[in-house]
Amino acid sequence: MTVLDSIIAGVAEDLEERRREVPLAEIRARAAAAPGARPFPAEAGFGLICEVKRRSPSKGALADIPDPAALAAAYARGGAAAISVLTERRRFDGTLADLDAVRAAVDVPVLRKDFMVDEYQFHEARAHGADIVLLIVAALTDAQLSEFLELSRALGMAALVEAHTAEELARASAAGASLVGVNTRNLKDLSVDPARFGPLAAHAPAGACLVAESGVSDAESVAAYAAAGARLVLVGEALVTGGEPEAAVARFTAAGAGALTSSPSTQE
């Protein structure tokens with residue numbers, strides 16, 4: 001069993017507990033009653049998706065984050081384009097309560113970052129105020145990917161479709177993904193190689209908004225991703241461990257915007 005398989009098995013078990021507490025019909029009703037989702041991407045140019053992330057399978061504990069709302073507010077003050085909230089419990093120490101707290105604290109779009117493998121989770125995301133959901137190509141069949149893209153749109157949410165290989169990018173393209181994450185992490189050994197972004201981005205769907213994921217340690221790495229074609233960069237560890245989230249978001253965003261503006265692809 002791969003790490004991804006193990007995580008998804010745990011997600012499915014936890015989901016069944018929540019489903020027993022709140023049946024699908026009820027979570028659908030809550031989603032329908034929720035305020036409308038915020039559009040994303042909201043503006044042209046460069047932006048940062050800033051993550052509320054306590055731990056990861058590869059690094060272990062990263063930060064306590066006793067007040068996710070305060071962290072999210074700092075991200076927003078720094079100019080975050082969106083805020084990503086981990087809601088997976090077993091490997092990331094995330095909760096839907098974190099999503100609720102962040103949603104109440106900020107006006108920018110919020111991404112529910114989890115392993116979405118069941119219809120229930122999409123209604124659940126919308127019921128808790130998510131504007132964006134994550135679809136991991138490696139975790140889904142082609143039929144599921146297409147179904148969940150359509151469901152996300154029907155609920156008014158954007159779907160960030162995450163791929164790790166050229167083959168997965170082809171699948172994302174075939175499904176009609178327009179917001180595409182290129183994750184430079186190898187799912188087999190969890191290693192990260194930021195140099196993979198450029199070659200993989202060449203396989204992304206034409207006209208897609210590209211999001212670079214994993215491998216960000218400083219403003220220079222954000223700029224490198226932007227220069228290679230990323231319109232958005234998702235940053236977690238560097239922000240939760242750096243000690244100055246608001247200033248870091250502003251610095252990273254400025255670096256990415258500068259690199260995107262000066263990139264040859266933006267001058268054509």
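Here are three short exercises on this predicted model, each with a worked solution.

**Exercise 1.** Work out how helix H3 and helix H4 are oriented to each other.

*Solution.* Start with the geometry: H3 (residues 68-78) and H4 (residues 96-105) pack with their axes 8 Å apart, at an angle of about 45 degrees. Angles under 35 degrees would count as roughly parallel, and 65 to 115 as roughly perpendicular. H3 and H4 are therefore oblique to each other. As for handedness, H3 passes H4 in a right-handed crossing. Now look at who touches whom: Pro68, Ala69 and Ala72 in H3 meet Asp98, Ala101, Val102 and Ala105 in H4. Sorted by class, that contact has six nonpolar, no polar and one charged residues.

**Exercise 2.** Find which residues of H1 and H5 meet, and sort them by class.

*Solution.* First, place the helices: the axes of H1 (residues 3-21) and H5 (residues 119-127) come within 11 Å and cross at roughly 65 degrees. The crossing is left-handed. On the H1 side you'll find Val11, Leu15, Arg18 and Arg19, which meet Tyr120, Gln121 and Glu124 of H5. These residues split into three nonpolar, one polar and three charged.

**Exercise 3.** Decide whether strand S1 is enclosed or open, and find the partners of Ile49.

*Solution.* Take the two faces in turn: Gly47, Ile49 and Glu51 point one way, Leu48, Cys50 and Val52 the other, and all are buried. With six of its six residues buried, S1 (residues 47-52) is largely enclosed by the rest of the structure. Next, the neighbours: S1 pairs in parallel with S10 (residues 232-235) over four bridges, and four bridges also join S1 to S4 (residues 82-86), again parallel. Ile49 has Leu234 as its bridge partner in S10 and stands opposite Ala82 in S4.

Key. Residues numbered from 1 in each chain as written. Predicted model: local features only at pLDDT ≥ 70, side-chain atom pairs only at ≥ 80, totals over all residues. Heavy atoms only, no water. Axes fitted to C-alpha atoms, helices over the stretch in contact; angles between N-to-C directions. Left-handed = near helix turned anticlockwise from the far one by under 90°. Contact = heavy atoms within 4.5 Å. Nonpolar A, V, L, I, M, F, W, Y, C, P; charged D, E, K, R; others polar. Parallel < 35°, antiparallel > 145°, perpendicular 65-115°, else oblique. Buried < 20%, exposed > 50% of the residue type's maximum accessible area, 1.4 Å probe, protein only. Pairing = 2+ DSSP bridges.
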